[in-house]
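This report describes selected features of a structure, beginning with one strand and its partners, then turning to a contact between chains and to one helix. The sequence and structure are shown first.

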Amino acid sequence: MQLALARQEGSNYVTTMMTIRKLGYGATRAALAVSAFATTGVALAFGDKSVTDLPGGPRANGLDFQPAVTEVADQIKMLHYGMLIVCTAIFVIVFGFMFYSIVKHRKSVGHKAANFHESTAVEIAWTVVPFIIVILMGAFATRTVVAMKDTTGADLTIKATGYQWKWGYDYVKGEGEGLAFISTLDTAQRNLSEEGKPAGNDYLLKVDNPLVVPVNKKVRIITTADDVIHSWSVPAFGVKQDAIPGFVRDTWFLANKVGTYYGMCSELCGKEHAFMPIRVDVLSAADYTAWVDKQKKALAAAADDPKKVWDIAPLEARGEKVYLANCAVCHKPDGKGAGPVKPLDASPVVNDKDPNAQILTVLHGRVPQGMPAWQGKLSETDIAAAITYTKNSWSNHTGQLVQPADVVADEAK
Amino acid sequence: MSAVLPHPIDHGHDHDHDHDHSHGHPTGWRRWVFATNHKDIGTLYLLFAFTMFLVGGTLALLIRLELFQPGLQFFNPELFNQFTTMHGLIMVFGAIMPAFVGFANWMIPMQIGAADMAFARMNNLSFWLLIPAALMLVGSFFLPGGAPAAGWTLYAPLTLQMGPSMDGGIFAMHLMGASSIMGSINIIVTILNMRAPGMTLMKMPMFVWTWLITAYLLIAVMPVLAGAITMTLTDRHFHTSFFNPAGGGDPVMYQHVFWFFGHPEVYIMILPAFGIVSQVVPAFARKRLFGYTSMVYATSSIAILSFIVWAHHMYTTGMPVTGQLFFMYATMLISVPTGVKVFNWLATMWRGSMTFEAPMLWAVGFIFVFTMGGFTGLICSMAPIDIQLQDTYYVVAHFHYVLVAGSLFGMFSGYYYWAPKWTGVMYSETRGKFHFWSSLIFFNITFFPMHFLGLAGMPRRVADYPMQFADFNAVASIGALGFGLTQVYFLLFVVVPAMRGKGEPAPQRPWEGAEGLEWEVPSPAPWHTYETPPKLDRTATKVIG
């Protein structure tokens, strides 16, 4: 074995080619060819040229952080560049030594092993110097750490609540106080995903109701969650804050550019984790005021009186919308469910004369089986509408009508 | 100890006989089920770990299959989450940890001149506990609701929503934890009590040193994990509210407890690899290990520091600013002793007389790629950057650089280095080199693009992703397939021939520069080595009588 190796390494010309050859020339060449072929193949076959950068979101084949629109995100970017430079310098020095040694200090070029095996001076040096380097790194980052935690003096405070699998936004303080809405992935996008036919620049990032904030104002985001841990993240702002059930945490940003910015839930939160995007629209002060006015008017108009008694047709029509936006993700638009998700079509609970079992299931969910609790997330009118819709759709023809008041009664149970 | 001490003396009586078969030690399946010989148990551990490695690898390929293109082509997101969770659990608890225990079983008694491990029967139990644990873990795919899907970190309260498989997973981890603790006690007692006269602590081979430290880490943290998952279990079934916010519990508390285990666990998975590389590099540089003493101190410092950095996994949970600063500085400090180790390896290579057989290739590959993982670790240690990168593919890239290119490459180095001693036959150098280069290249094709994905903002543990991430994901998937096939090649063309005894007979010391007691016995190593304590020379690397 040793002899064979010595023979193989016995030739005396020292070139780079020779080095490669010693390290297994055939294997290298084969593996390189395979990898080059594979990479090119991928680029040709799958490089969808229609996909381009999404402003405020990911860039096509992006190599770096998304463009920063807050001071903090900018500092993070600079810190990262600094770290890259330092690490590259250390990399070049350390591996410069290693590869020099690999080329020169090999038996095949006749190098005889030296006999040193310790040097206190050198060992102290390479302990102390890295120590100083990392302390300096830490010192540079400290300012940003402190800045990121300073949520005082906010112009606008918004509570972001993570639900499985949507975001709820409540404007707690500042211009727009009192506004509240739910932000969900656009249903069409979820279907595209299911069908395996993704399309569009904002694939999986398009939402029904984006969070809207004014430009150049300090916005404090309070996070919490209703069920499991989620994480509210917008890379362009340099913000990522876990939303923890039972606890409140906060973070802040001050966007300095009007635009639309995107993020995705960044803590595994169950089945639909990939499908709860965040979209923030940053508007000019005037546009923001106009938006707030419009929302307030719409809110007043849409406010439901849970005591109102509905006819079946308008309630079913409303129920269809509620169902498709909230229930169809799991129970499917045709009510047949999928896998562990129970079908609603022909379900004995749905077709039962007594609607209370269904109302209670919707209100409290069947959490271990994956059905979330909807109490507080949808209004009583919406819940009544969705249940009425399921009772009178597909093969279900109960003719039953569930009034918001029925839901209110069950909420008390 | 008393139960074990008579063991070598018993064999002493009939030392002149053919002692491979003269004691009536069990043969056939009994040899393995009732195994008490450290070499047999080491083999069992290694085979078990490699099997689990293939299972976990298959899951990884299924993950990469789904992520090859955007859109859901193959699996529903729930099943995808089960794959990521089980891939992590199986690789950590089923593959890496048992594999290193396998190395420890084989090598520690031989390296310190002992007859066997201290507690031979406990050794048997600690291996065989792994089998029901693995069956329970892998079998959970077939339970109602499928396997656990809360991520390998098993964060509450998502774990409280899981089906019955979560309980199976928790019990499996209890068993694996018990197995690890028994294995660790065995290793510590063996090292401290059974060294041959003259083998002082500061003359022990580095692999033995790193395992001694690892074993203490395991004993310290496995009960912490057991506590965390037991609390999860009682939250699930007995109406406690340790982590359940609905009852006033604190989900972040789970993370603190978990990572108090989890961070030392990271070093549990890498320190033995440091030990292997510290033995291979001097052997092929034909030069003593540079800075042996500082190596020992650096390893100990890493172990101690690993207990005060856990919350760097949790910057985004919203810690107070002082907490963030403390954990940031402490984390950065860990890079100092780790750097010392890398520098020591380079200084060992420096002005040596190197050859590059497969063990050395893997060791140099380890140093190179592990250091890249170290750099990204340094970048992640910086709290503001980490908050941007937390739970993105950058983190996935980082920890695969240290765990695959670190632990796994270290183990491959150890395999090629010691397999001639285990099997008595040499591996094929061409195949070893092909295995190395193919692994190195495909590894980088798989995981290097993930840095870019993470920087660009792709979260981890997602079954589908925006179109902008498509190309790098496709590249990573192809790399993963290549990497996986390379390991099948290793099994079929390196391991299987070695187990069948095919190949040139291995000399007692196949490596010119290798030192240590394992090279003082024939290849393959006899059934019992060092039945009576050997007499050692001054450096404790040679037997002199």
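In this predicted model, strand 10 of chain A, residues 277-283, is mostly covered, with six of its seven residues buried. Strand 10 of chain A pairs with strand 4 of chain A in the parallel sense and with strand 9 of chain A in the antiparallel sense. The two pairings are set out below.

| Partner of strand 10 of chain A | Sense | Bridges | Opposite residues |
|---|---|---|---|
| Strand 4 of chain A (residues 211-214) | parallel | four bridges | A:Leu211 and A:Val280 |
| Strand 9 of chain A (residues 259-264) | antiparallel | six bridges | A:Thr260 and A:Asp281 |

In the parallel pairing, then, A:Val280 of strand 10 of chain A has A:Leu211 opposite it. On the antiparallel side, A:Asp281 of strand 10 of chain A faces A:Thr260.

The next topic is the contact between the chains. The size of an interface is often given as the accessible area lost when the parts come together. For chain A and chain B, the buried area is about 10100 Å², and 70% of it lies on carbon and sulfur atoms. Chain A contributes 117 residues to the contact, and chain B contributes 113 residues.

Between chain A and chain B there is one salt bridge. It joins A:Lys107 to B:Glu512, whose closest N and O atoms are 2.6 Å apart. In addition, 34 residue pairs with both members at pLDDT 80 or more are in polar contact between chain A and chain B.

Several elements of chain A each supply at least two residues of the side that touches chain B: helix 1 (2-8), helix 3 (25-46), helix 4 (71-104), helix 5 (120-149), helix 6 (187-194) and strand 7 (239-243). Helix 5 of chain A provides the largest share of this side, 17 residues. Classified by residue type, the side of chain A that touches chain B comprises 64 nonpolar, 32 polar and 21 charged residues.

The last topic is helix 10 of chain A, which spans residues 356-364 and has as its buried residues A:Gln358, A:Ile359, A:Thr361, A:Val362 and A:Leu363. An α-helix has 3.6 residues a turn, so residues three or four places apart point the same way. The buried residues of helix 10 of chain A pack against three helices of chain A, namely helix 9 (348-351), helix 11 (380-391) and helix 12 (404-411). After helix 10 of chain A comes A:Gly365, with a positive phi near 70°.

Technical notes: Residues numbered from 1 in each chain as written. Chains lettered and ligands numbered in written order. Predicted model: local features only at pLDDT ≥ 70, side-chain atom pairs only at ≥ 80, totals over all residues. Heavy atoms only, no water. Buried < 20%, exposed > 50% of the residue type's maximum accessible area, 1.4 Å probe, protein only. Pairing = 2+ DSSP bridges. Contact = heavy atoms within 4.5 Å. Buried area = accessible area lost by both parts, 1.4 Å probe. Salt bridge = Lys/Arg side-chain N within 4 Å of Asp/Glu carboxyl O. Polar contact = N/O pair within 3.5 Å; in protein donor to acceptor, adjacent residues only side chain to side chain. Nonpolar A, V, L, I, M, F, W, Y, C, P; charged D, E, K, R; others polar.
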